[in-house]
Amino acid sequence: MSERQKRPKLLVSVASATEAVEALQGGADLIDLKRPDRGPLGRPDASDVLDLARILPDPHQRSLALGELADGPPDLHWVAHLGEARPRFVKFGTSRCRASDDQTPSFSWRERARAWVESHDWQVILGIYADFDQPGVNGLEPTRAVEEAHALGCAGLLVDTFDKANPTRWYRQPAPPITPDWVAHARASGLLVALAGSLDAQAIPRLATWQPDFIAVRSAACLHGDRRGPIDPRRVEHLRLLLDQMSPDEAL
Ligand SMILES: O=C[C@H](O)COP(=O)(O)O
């Protein structure tokens, strides 16, 4: 069985090295460092990144959220100098990056993304938002994201939700912005696909059959399902079990 045919891997977003230990105990495959109090892809501090690398030396198990592309590089100099602490993946959100707003760009988000793709020894993931069309999000459209990410040389796409205060259960919508065909198209284009956005224990087995590369969670892995609360290793263990229990037919 090839790597791409196995069950989706479990990505757990953590706010600290301490939480990473809890997530790994529960069975997380990939640790995604972010600050949930700083936005959907809230950027951690350099010290958080170094702490994580100390307890998790393998870069292949580490991902790093770096905020929104539209916010530019206020001070991302430190990321280029992480050395051995650099992660396998860096992720950027694409709010305010509507592809169809090409006529009036206030900045070139594509140039920023391309610079990250070309400059360092990691893989760039674009985070797109299922609530991309809501006021204040104005995000890269899912219908354009696959071609954009491919053209930019990104490694993959993370589907998430922007508004974490009023989470959109996008996967429960009658006509969700992301479908199994969308996932298949993205993967056929050579992109990794991670599905996220307030996923719960009901949604995960269903979305896993869409064959993304990763199922990604924060809220569902936290105590009482509160994404600002601590990671609960028993919850992580349960989510991992849901994925492990997929039958070979479902996973293929
Ligand atoms: O990368 C995925 C996100 O951290 C998902 O967060 P969430 O489960 O709270 O929506």
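Eight strands close into a barrel here, in the order S1-S2-S3-S4-S5-S6-S7-S8, and the pairing is parallel. Two strands count as paired if DSSP finds at least two bridges between them. The strands, at least two residues in state E, and the helices, at least four residues in state H or I, are DSSP runs numbered from the N terminus. From one strand to the next, the twist averages 25°. Such angles run from 0 to 180 degrees between N-to-C directions, with axes as lines fitted to C-alpha atoms, for helices over the stretch in contact.

I should state at once that this is a predicted model: local features need pLDDT of at least 70, side-chain atom pairs count only at pLDDT 80 or more, and totals for chains, interfaces and linings use all residues. Residues are numbered from 1 along each chain as its sequence is written.

Let us turn to strand S4, residues 89-93. Is S4 mostly covered or mostly open? Five of its five residues are buried, meaning that 20 or more other C-beta atoms lie within 10 Å of a residue's own; 12 or fewer would make a residue exposed, anything in between partly exposed, and C-beta atoms are placed from the backbone. In a regular strand the side chains alternate between the two faces of the sheet. In S4, Phe89, Lys91 and Gly93 lie on one side, Val90 and Phe92 on the other.

S4 pairs in the parallel sense with strand S3, residues 62-68, over four bridges, and with S5 over five bridges. On the S3 side, serine 63 stands opposite phenylalanine 89 and alanine 65 stands opposite lysine 91. In S5, glutamine 123 is the bridge partner of phenylalanine 89.

Helices pack on this sheet. Helix H3, residues 109-119, touches S4 and strand S5 (123-129), and its direction makes about 150° with that of S5. Contact here requires C-beta atoms, placed from the backbone, within 7 Å. In helix H4, residues 142-152, the buried residues are Pro142, Ala145, Val146, Glu148 and Ala149. Their cover includes S5, S6 and helix H5 (180-188). After H4 comes glycine 153, with a positive phi near 85°.

Next, the interior. The largest nonpolar core has 72 residues, and Val12, Ile31, Leu157, Ala194 and Ile215 have the most contacts inside it. A nonpolar core is a set of buried Ala, Val, Leu, Ile, Met, Phe, Trp, Tyr and Cys residues joined through C-beta atoms within 7 Å. Beyond its neighbours within four places in sequence, isoleucine 31 is in contact with residues including Val12, Val14, Ala20, Leu52 and Arg62.

Which residues come nearest to the ligand? Of the 15 around the ligand, they are Ser13, Ala196, Ala216, Arg218 and Ser219; a residue is near if its C-beta atom, placed from the backbone, lies within 6 Å. Strands S6 (156-160) and S8 (214-217) each supply at least two residues of this shell. The shell divides into six nonpolar, five polar and four charged residues.

Finally, consider aspartate 163, in the loop between S6 and H5. Aspartate 163 counts as partly exposed because 16 C-beta neighbours lie inside 10 Å. Leaving aside neighbours within four places in sequence, aspartate 163 is in contact with Asp131, Gln134 and Thr168. Aspartate 163 and alanine 80 are 83 residues apart in sequence and 29 Å apart in space, C-alpha to C-alpha.

Key:
Ala, Val, Leu, Ile, Met, Phe, Trp, Tyr, Cys and Pro count as nonpolar, Asp, Glu, Lys and Arg as charged, and the others, Gly among them, as polar. Two residues are in contact if their C-beta atoms, placed from the backbone, lie within 7 Å.
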